[in-house]
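Biologist: I am new to this structure and would like a close look at a single part of it, the strands and how they pair. Please set the scene first, and explain your terms as you go.

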Amino acid sequence: VIHVRHQLAALRRGALQHLYVADQHYVFARTDETSSVLVAMNNDTKPAAFTVSVNGTRLPKDVTLNDRLGVLGRTAVRNGEVTVTLPARSAAILVPE
């Protein structure tokens, strides 16, 4: 995870924006002057799916995101929303391709 943080300036210095907060699930964006990165976490013992709005981030309303941790592969933002499906006790760092 540290190597990804070093590669993405928004993770190091970006403003924090909470996008989805639940008992076992959390999605936030880190946004700097030029980009946004989404971080999604599932701390539950079972898989989880949730849809979040990317409004207020620098992500386009329609874009493909790539998971830098390799858990999800690719996922799409459509009409300003992204659906994230995570395995149990996992996380994803999503950036535009």
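Modeller: Happy to, and one term comes first: a residue is buried when its relative accessible area is under 20%, exposed when it is over 50%, and partly exposed in between, using a 1.4 Å probe and the protein chains only. By that yardstick, 41% of the 97 residues of the protein count as buried. Please keep in mind that this is a predicted model, so local features need pLDDT of at least 70 and side-chain atom pairs count only at pLDDT 80 or more, while totals for chains, interfaces and linings use all residues. Residues are numbered from 1 along each chain as its sequence is written, and side-chain values use heavy atoms, with hydrogens and water left out.

Now the overall picture. The protein has two helices and eight strands; these are DSSP runs numbered from the N terminus, with helices being H or I of at least four residues and strands being E of at least two. In sequence order the pattern reads α-α-β-β-β-β-β-β-β-β. The radius of gyration is 12 Å, close to the 13 Å that the globule rule gives for 97 residues, so the protein is as compact as a globular protein of that length. That radius is taken over C-alpha atoms, and the rule is 2.2 Å times the number of residues to the power 0.38. Along its principal axes, the C-alpha trace spans about 35 × 30 × 25 Å.

Contacts add to this view, where a contact means heavy atoms within 4.5 Å. Among contacts between residues at least 6 apart in sequence, 49% join residues at least 24 apart.

Let us start the close look at strand β2, residues 25–31. Six of its seven residues are buried, so β2 is largely enclosed by the rest of the structure. Two strands are said to pair if DSSP finds at least two bridges between them. Strand β1, residues 15–21, pairs with β2 in the antiparallel sense over six bridges. One of the matched positions is Ala15, whose bridge partner in β2 is Thr31. The two strands β1 and β2 make a hairpin, with three residues between them.

Strand β2 also pairs with β3, residues 36–42: seven bridges join these strands, which run antiparallel. Here Ala29 has Leu38 of β3 as its bridge partner. A hairpin of four residues leads from β2 to β3.

From β3 you can step on to β8, residues 90–96. These two strands run antiparallel and are joined by five bridges. Leu38 appears again here, with Leu94 of β8 as its bridge partner. Strand β8 also pairs with β5, residues 63–67, in the antiparallel sense over three bridges. Leu94 of β8 stands opposite Asp67. Five of the seven residues of β8 are buried, so β8 is largely enclosed by the rest of the structure.

While you are at β8, have a look at Pro96, which belongs to this strand. With a relative accessible area of 35%, Pro96 is partly exposed. Setting aside neighbours within four places in sequence, Pro96 touches Ser36, Leu59, Val63, Thr64 and Leu65. Its C-alpha atom is separated by 14 Å from that of Asp32, which is 64 residues away along the chain.

A helix residue meets this region too. Ala10 sits in helix α2, residues 9–13, and is buried, with a relative accessible area of 1%. Beyond neighbours within four places in sequence, Ala10 is in contact with Arg30, Asp32, Ser35 and Val37. Ala10 and Ser35 are 25 residues apart in sequence, yet 6.6 Å apart in space, C-alpha to C-alpha.

Finally, visit two loops beside the later strands. Asn79 lies between β6 (74–78) and β7 (81–86). Its phi is positive, about 55°, although Asn79 is not a glycine, and it is exposed, with a relative accessible area of 69%. Arg89 lies in the loop between β7 and β8. Arg89 is a residue other than glycine and has a positive phi, near 50°; at 53% relative accessibility, it counts as exposed.
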